[in-house]
Structure formats: structure tokens, C-alpha cells
Amino acid sequence: MQARDVRIVLVTTPDVESARALARTLVEERLAACGNVVPGIVSVYRWQDAVREDAEALLVLKTSDAQLRTLTDRVTELHPYDVPEVLALGIEQGNQPYLEWLGACVAPGRRSDGT
């Protein structure tokens with residue numbers, strides 16, 4: 001896998017438990033190689049014509065460009081929010097052994113050890 005084929009996906013959730021459950025499902029379904037749960041963020045945003053401020057958790061997912069659409073659809077299906085944040089970022093470089101591991105994890109029919 002090349003760096004240009006990797007996507008970092010940011011998803012905010014209402015709490016750590018939601019982020020953890022979402023990450024576990026996406027990794028088990030091979031849509032993400034890894035999910036990092038970052039607790040304790042505060043989001044300030046406009047919703048239904050009002051400015052709101054809420055405690056949330058941030059889920060940082062690593063996936064392939066090939067799995068991005070399916071991952072986005074699955075997050076939308078599982079997420080408790082009406083309009084979940086799902087933002088995908090490209091990367092320029094990465095540790096090649098890590099990129100290969102990531103590719104093996106999200107490739108259908110392959111084990112996470114790359115075989």
C-alpha cells in the first residue's frame with residue numbers, strides 16, 4: 001500500500017463508549033485498520049440555528065481509499081447522531097511497514113498479519 005492510498009478519518013462521537021464501540025465494529029468488519037479514541041474534547045458548533053457546546057470524544061480511523069465509501073456509509077448507519085462528522089484526510093508519507101500492515105488489515109479476505 002502506498003501513502004496516497006491511505007485515509008485518516010475523523011469522527012466525533014457523544015462519548016468514549018460510543019467511539020470505542022464504533023471503532024471495534026469498523027475494525028472487526030475490516031473497514032478500518034485502527035481506531036484511536038481521544039476523550040475529553042469540546043466541540044462548539046451551529047446546529048438547528050443555535051450555537052452549541054458539547055463534550056465529545058474524537059475517533060481517528062485509519063483506512064484505505066478503497067474502503068472509504070463503505071466505511072462512511074457504515075459510520076452513518078451506526079452513529080447516534082443524525083448528521084455524523086466523517087472527514088477523510090489524505091497523507092503524503094508514512095512508515096512503509098505500517099502502510100503495508102494497514103493495507104492488509106482492510107483488504108477483504110486477508111488476515112491482519114498480512115497473510
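Here are three short exercises, with worked solutions, on charged side chains in this predicted model.

**Exercise 1.** Find which residue forms a salt bridge with Glu29, and work out which parts of the chain the pair ties together.

*Solution.* Start with the pairing: Glu29 and Arg74 form a salt bridge, with their closest N and O atoms 2.7 Å apart. Next, place the two residues. Glu29 sits in the loop between α1 (16-28) and β2 (34-47), while Arg74 belongs to helix α2 (residues 68-78), so the pair ties together parts that are 45 residues apart in sequence.

**Exercise 2.** Follow the salt bridges on from Arg74 and decide which residues make up the network.

*Solution.* Begin at Arg74, whose side chain also meets that of Glu77 in a salt bridge (2.6 Å, N to O). These two residues are three apart in helix α2, so about one helical turn separates them. Salt bridges with shared partners therefore join Glu29, Arg74 and Glu77 into one network. Now check the accessibility of each member: Glu29 is partly exposed at 35%, Arg74 counts as buried at 18%, and Glu77 is exposed at 58%.

**Exercise 3.** Glu56 has no salt bridge; find what its side chain contacts instead.

*Solution.* First locate Glu56: this residue lies in strand β3 (residues 50-64) and is buried. Then look for a partner of opposite charge. The nearest such side chain, Arg52, is 11 Å away, whereas a salt bridge needs the atoms within 4 Å. Finally, turn to polar contacts: one of 2.4 Å joins the side chains of Glu56 and Ser43. Among the other residues that Glu56 touches are Thr12, Pro39 and Tyr81.

Methods: Residues numbered from 1 in each chain as written. Predicted model: local features only at pLDDT ≥ 70, side-chain atom pairs only at ≥ 80, totals over all residues. Heavy atoms only, no water. Buried < 20%, exposed > 50% of the residue type's maximum accessible area, 1.4 Å probe, protein only. Lys, Arg positive; Asp, Glu negative; His and termini not counted. Polar contact = N/O pair within 3.5 Å; in protein donor to acceptor, adjacent residues only side chain to side chain. Contact = heavy atoms within 4.5 Å. Helix = DSSP H or I, 4+ residues; strand = E, 2+ residues; numbered from the N terminus. Lists of a residue's contacts leave out its neighbours within four places in sequence.
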